[in-house]
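Student: Could we go through this model together, one contact at a time? I would like to begin with a single residue and work outwards from there.
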Amino acid sequence: MSKSKVPIKKVNPESKRTSVWQYLFSRDTLLATILVFIVIFTFAKLENAIGLFDPKDITAKDFDYNDLAFNLLSKYKNVSVDTNTYLVNIGNMDRRQIAGVINKVNKARPKVIGVDVLFDHHESASQDSALATVF
């Protein structure tokens with residue numbers, strides 16, 4: 001019996017490799033990439049709608065430059081808080097009512113009364129004169 005020789009095929013290892021372009025544009029890779037972007041955009045839209053984790057809102061809610069300045073300046077660390085200062089909200093009062101509030105505050109004999117109000121037009125003479133008398 002003679003031995004028959006079976007030809008052995010040599011496989012070139014590079015022939016089985018896929019190129020980068022074939023990998024990038026394969027069906028599975030494209031579907032996975034599209035699904036990842038769909039999930040990212042869904043969460044982004046959901047977060048914008050809810051607004052729970054908006055860093056601008058979180059940082060801006062309780063921020064004041066005065067807080068930052070006093071925190072950085074060490075000479076103000078041991079300053080006591082003045083409890084003898086009062087703020088009065090005048091809201092939408094007319095000038096006669098504002099004069100009445102200032103009269104009530106003035107009865108407590110304060111050293112200073114500050115008024116932060118813009119009077120941009122004349123009212124009736126009685127209201128203007130009542131406020132002028134108080135000032």
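Tutor: Let us begin with Q127, which touches D94, R95 and R96 once residues up to four places away in sequence are set aside. Bear in mind throughout that this is a predicted model.

Student: Which helix does Q127 lie in, and is Q127 buried or exposed?

Tutor: Q127 lies in helix α7, and with a relative accessible area of 14% Q127 is buried, because the cut-off for that label is under 20%.

Student: You mentioned R95 as one of the contacts of Q127. What does R95 form a salt bridge with?

Tutor: R95 forms a salt bridge with D128, and the closest N and O atoms of the pair are 2.6 Å apart. This pair links distant parts of the chain, since R95 belongs to helix α6 and D128 to helix α7 (residues 125–134), with their positions 33 residues apart in the numbering. R95 itself counts as buried, at 9% relative accessibility.

Student: How many salt bridges are there in the count?

Tutor: The count comes to two salt bridges. Besides the pair already described, R27 forms a salt bridge with D28, where the closest N and O atoms are 3.5 Å apart. In that pair R27 counts as exposed at 62% relative accessibility, and D28 is exposed as well, with a relative accessible area of 52%.

Student: Back to the helices, then. Which residues make up the largest nonpolar core?

Tutor: The largest nonpolar core has five residues in all, namely I98, A99, I102, L131 and V134. Helices α6 and α7 each supply at least two residues of this core, and α6 gives the most, with three residues.

Student: And what does L131 touch?

Tutor: Leaving out residues up to four places away in sequence, L131 touches R95, I98, A99, I102 and F119. Among these, I98, A99 and I102 are members of the core, whereas R95 is the partner of D128 in the salt bridge.

Student: I was also looking at I90. Where is the place of I90, and what is I90 in contact with?

Tutor: I90 is placed in the loop between α5 (65–72) and α6, and, leaving aside its neighbours within four places in sequence, I90 is in contact with I98 and V117. The C-alpha atoms of I90 and V117 are separated by 9.1 Å, although the two residues are 27 residues apart along the chain. I90 is partly exposed, with a relative accessible area of 22%.

Student: Changing topic: which residues make the nonpolar surface patch?

Tutor: The patch covers about 990 Å² and is made by V20, W21, Y23, L24, F25, L30, I34, L35 and I38. The elements that give two or more residues to this patch are α2 (20–24) and α3 (27–50). I38, for instance, lies in helix α3 and counts as partly exposed, at 47% relative accessibility.

Student: What about T29, is it buried or exposed?

Tutor: T29, which is placed in helix α3, counts as buried at 15% relative accessibility. Not counting residues up to four places away in sequence, T29 touches Y23 and L24, and both Y23 and L24 are among the residues of the nonpolar patch.

Student: Which residue has a positive phi although it is not a glycine?

Tutor: That is R109, with a positive phi of about 55°. Most residues other than glycine have a negative phi. R109 is found in the loop between α6 and α7 and is exposed, with a relative accessible area of 72%.

Student: Now the whole chain, please. How many helices and strands does the protein chain have?

Tutor: The protein chain has seven helices and zero strands. Of its 135 residues, 7% count as buried, and the accessible surface comes to about 13500 Å², of which 60% belongs to carbon and sulfur atoms. Among contacts with a separation of 6 or more, residues 24 or more positions apart account for 50%.

Student: Last thing: where is confidence lowest and where is it highest?

Tutor: Confidence is lowest in helix α1 (residues 13–16), at a mean pLDDT of 57, and highest in helix α6 (residues 95–106), at 90. Over the protein chain the mean pLDDT is 79, and 78% of the residues reach 70 or more.

Methods:
Residues are numbered from 1 along each chain as its sequence is written. This is a predicted model: local features need pLDDT of at least 70, side-chain atom pairs count only at pLDDT 80 or more; totals for chains, interfaces and linings use all residues. Side-chain values use heavy atoms; hydrogens and water are left out. pLDDT is the predictor's confidence in each residue, from 0 to 100. Helices (H or I, at least four residues) and strands (E, at least two) are DSSP runs, numbered from the N terminus. A salt bridge is a side-chain nitrogen of Lys or Arg within 4 Å of a carboxyl oxygen of Asp or Glu. Buried means under 20% relative accessible area, exposed over 50%, partly exposed in between (1.4 Å probe, protein chains only). Patches are made of residues with over 30% relative accessible area and no salt bridge: like charges are joined within 9 Å, nonpolar side chains (Val, Leu, Ile, Met, Phe, Trp, Tyr) within 5 Å. Accessible areas come from the Shrake-Rupley method with a 1.4 Å probe; for residues, only the protein chains shown count as cover. Contact means heavy atoms within 4.5 Å. A nonpolar core is a set of buried Ala, Val, Leu, Ile, Met, Phe, Trp, Tyr and Cys residues joined through side-chain atoms within 4.5 Å.
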